[in-house]
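Student: I'd like a close look at one part of this model: the salt bridges. Could you walk me through them in one go?

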Amino acid sequence: MIKSSKKLSSSEAIDIYKSLLLPRKIEEKMLNLLRQNKISKWFSGIGQESVAVGVTLSTKKEDYILPMHRNLGVFTTRQVPFYPLFCQLFGKKDGFSSGRERSFHFGSLEHNIIGMISHLAAMMPVADGLALASKIRKNDSVAFSFCGDGATSEGDFHEALNLASVWKLPVVFIIENNGYGLSTPTSEQFACKKLSDRAKGYGMHGFHIDGNNIFEVMETVTKARRLALKGEPVLIEA
């Protein structure tokens with residue numbers, strides 16, 4: 001395992017551990033409720049908490065995060081209050097979308113979290129828009145956009161990467177390569193060895209990291225944020 005180049009204090013290490021443990025415990029409870037037919041759906045992120053948590057811990061509060069279905073750790077790490085969060089997940093009126101649906105199609109502008117839609121690469125161009133606004137306003141903020149392995153074959157993915165590179169936008173794209181791509185395995189969708197290799201075609205930085213190593217995630221995201229602020233967008237495959 002790659003160790004953190006920064007020596008952590010005991011309290012820092014415990015805080016990171018708690019940040020990883022919290023979404024896992026919530027997920028375990030939600031999956032039990034799903035089996036009991038008390039909730040109608042749940043998209044599990046168990047096993048990939050280090051990506052959502054590691055990315056979020058490495059951002060600044062002014063950065064925008066555009067998460068996906070399995071990124072509960074983004075919400076918990078940004079300390080979104082539990083009451084409206086659980087109301088949302090249970091489809092109650094005090095949730096972020098007033099009980100209209102029960103998945104992660106919601107965000108919290110107060111926490112700079114932008115809600116997703118089910119067309120899984122469609123939020124990546126939105127990240128470009130947020131990054132462009134930050135660049136025009138000369139804010140030191142970066143947009144972090146998540147997608148899965150399957151979404152990398154959608155047109156929005158390629159358009160977003162190309163635009164980010166051409167316009168030198170402060171944006172970081174994170175691919176969670178968990179093998180969950182719908183219908184077609186990635187081995188039948190592209191010929192390059194790694195999804196991160198696609199960055200080369202757009203003149204972007206590309207990193208391939210172990211998504212279960214939170215230290216590697218945090219160090220890579222910290223580096224990517226510095227590059228993005230210099231107008232060098234980044235693609236990370238975890």
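Student: Let's start with one pair: in which helix do E28 and K25 lie, and how many residues apart are they?

Tutor: Keep in mind that this is a predicted model. E28 and K25 both sit in helix α1, with their positions three residues apart in the numbering sense you asked about, which is about one turn of the helix. Their side chains form a salt bridge, with an N to O distance of 3.8 Å; that counts because the cut-off is 4 Å. As for exposure, E28 has a relative accessible area of 33% and is partly exposed, and K25, at 48%, is partly exposed too. Both values fall in that class because it covers what lies between the 20% limit for buried and the 50% limit for exposed.

Helix α1, which spans residues 10–35, also holds R24. The R24 side chain meets that of E49 in a salt bridge, at 2.6 Å from N to O. E49 belongs to helix α2 (residues 49–57), so this pair ties together parts that are 25 residues apart in sequence. The two ends differ in burial: E49 is buried at 10% relative accessible area, while R24 is partly exposed at 27%.

Now for a pair that links distant parts of the chain: D63 and R225, which are 162 residues apart. Their closest N and O atoms are 2.7 Å from each other, and they form a salt bridge. D63 is in the loop between α2 and β1, whereas R225 is in helix α8, residues 214–229. Here D63 is buried, with a relative accessibility of 0%, and R225 is buried as well, at 10%. This bridge isn't on its own either: E62, D63 and R225 are linked in a network of salt bridges. Counting by the same rule gives seven salt bridges.

Since R225 brought us to α8, look at what goes with that helix. Together with β4 and β5, α8 makes a right-handed β-α-β unit. Strand β4 covers residues 205–208 and strand β5 covers 234–237; the two run parallel and are joined by four bridges. Within that pairing, H208 stands opposite E237 of β5. To tie it up, R225 sits in α8, the helix of that β-α-β unit, and its salt bridge partner D63 is in the loop between α2 and β1.

Definitions and conventions:
Residues are numbered from 1 along each chain as its sequence is written. This is a predicted model: local features need pLDDT of at least 70, side-chain atom pairs count only at pLDDT 80 or more; totals for chains, interfaces and linings use all residues. Side-chain values use heavy atoms; hydrogens and water are left out. Buried means under 20% relative accessible area, exposed over 50%, partly exposed in between (1.4 Å probe, protein chains only). Two strands pair if DSSP finds at least two bridges between them. A crossover is right-handed if, with the strands pointing away from the viewer, the path from the first strand over the helix to the second runs clockwise.
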